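Dear colleague,

Please find below the structure that I am handing over to you, together with its sequence. My notes on it come directly after, and I should be grateful if you would read them with the model open.

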Amino acid sequence: SWNFLEETPTGVGMFVTGPGVPPSGSVGSAQLAVAAPGGELFSTPQFAGTPLDQVVGLSYNSHVVSSTLPETATLQFDFDPGQTSSGYQGRAVFSPSLLSPTAVQVGVWQTWSPMTQRAWYGTGNPANRVLAAVCSQAVPCTWSEILAWFSNAKILPDQGKFGFKLGNSNRAGVVLIDSFSMGTAGVG
């Protein structure tokens, strides 16, 4: 139930061979490619409604083929703070580019650990999106901090998207994703 979606022209997603032997040991990986200012999403609704406190493991690998910063694919999901709020609350985004100026490298497979690395932020206007008010790109958060502020948070129910995105940064790039892993406790 994973799908590629061009969120902003011009982006494209597909499955490709390599590069090299991807970390999963398979022959291929998912590729996201964008031209500025495009955005391409590879996502699934299968985790919609999953409580964040039930996620016990989260990791993925990425390989930057080309990027101007460089930047790599972000992990993101439609965020439900689990409290009374008005309207859509945007996405929670894990961005490896926020870890350090040299965290993302070109031409190598890298492993990301979103549950332990400080690189989460909320999208949208902090005036009306609660996660964006406490976690920004300038001051990113950890998974634990998000849970401390929003103990009942979950992936948005009813078709909430969970996946990987490249783009909307006014930069072109090509990035591959492989070996995604998510563990849950107490959830089917």
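The notes below take the salt bridges, the disulfide, the main sheet and the largest pocket in turn. Please bear in mind throughout that this is a predicted model.

Salt bridges

The count of salt bridges comes to four. One of them joins Lys165 to Glu7, with 2.6 Å between the closest N and O atoms. This pair brings together distant parts of the chain, since Lys165 belongs to strand β11 (residues 162–167) and Glu7 to strand β1 (residues 3–8), 158 residues apart. The two partners differ in their surroundings: Lys165 has a relative accessible area of 11% and is therefore buried, the cut-off being under 20%. Glu7, at 28% relative accessibility, counts as partly exposed.

A further salt bridge is formed by Arg91 and Asp78, whose closest N and O atoms lie 3.1 Å apart. Here, too, distant parts of the chain are linked: Arg91 sits in strand β7 (residues 91–94) and Asp78 in strand β6 (residues 74–80), 13 residues apart. Arg91 and Asp78 are both buried. I would draw your attention to the network of salt bridges in which Glu7, Asp78, Arg91 and Lys165 are linked.

Glu145 and Arg118 also form a salt bridge, and their closest N and O atoms are 2.8 Å apart. Because Glu145 lies in helix α2 (residues 143–149) and Arg118 in the loop between β8 (109–112) and β9 (120–122), the pair ties together parts that are 27 residues apart in sequence. Glu145 is partly exposed, at a relative accessible area of 24%. Arg118 is likewise partly exposed, with a value of 41%.

Disulfide

The structure contains one disulfide. Its partners are Cys135 and Cys141, with an S to S distance of 2.0 Å. The torsion about the S-S bond of Cys135 and Cys141 is about -105°, and the disulfide is therefore left-handed. Cys135 is buried, with 0% relative accessibility, and Cys141 is buried as well, at 2%.

Sheet

An open sheet is built from five strands in the order β2-β3-β12-β5-β8, with antiparallel pairing. Strands β2 (11–17) and β8 stand at the edges; each has a single partner strand, so one side of each is left without a neighbour in the sheet. On average, neighbouring strands of this sheet are turned by 30° against each other, direction ignored. Within the sheet, strand β5 (residues 55–67) and strand β12 (residues 173–184) run antiparallel and are joined by ten bridges. As a point of reference on the register, His63 has Leu176 in β12 as its bridge partner.

Largest pocket

How much space lies in the largest pocket? The volume is about 480 Å³. The lining of this pocket consists of 27 residues, and those nearest its centre are Glu71, Thr74, Ser95, Tyr121 and Gln137. At least two lining residues come from each of β6, β7 and β11. Of these contributions, that of β11 is the most, with three residues. Strand β11 is also where Lys165 of the salt bridge with Glu7 is found, while β6 and β7 hold Asp78 and Arg91 respectively.

With kind regards

Conventions:
Residues are numbered from 1 along each chain as its sequence is written. This is a predicted model: local features need pLDDT of at least 70, side-chain atom pairs count only at pLDDT 80 or more; totals for chains, interfaces and linings use all residues. Side-chain values use heavy atoms; hydrogens and water are left out. A salt bridge is a side-chain nitrogen of Lys or Arg within 4 Å of a carboxyl oxygen of Asp or Glu. Helices (H or I, at least four residues) and strands (E, at least two) are DSSP runs, numbered from the N terminus. Buried means under 20% relative accessible area, exposed over 50%, partly exposed in between (1.4 Å probe, protein chains only). A disulfide is a pair of cysteine sulfur atoms within 2.5 Å. Two strands pair if DSSP finds at least two bridges between them. Axes are lines fitted to C-alpha atoms, for helices over the stretch in contact, and angles run from 0 to 180 degrees between N-to-C directions. On a 1 Å grid over the protein atoms alone, a cavity is a set of points where a 1.4 Å probe fits but cannot get out, and a pocket is an open set with protein on both sides within 12 Å along at least five of seven lines; lining residues have an atom within 4 Å of a point. Grid points are joined across faces, edges and corners, and a volume is the space filled by probe spheres set on the points.
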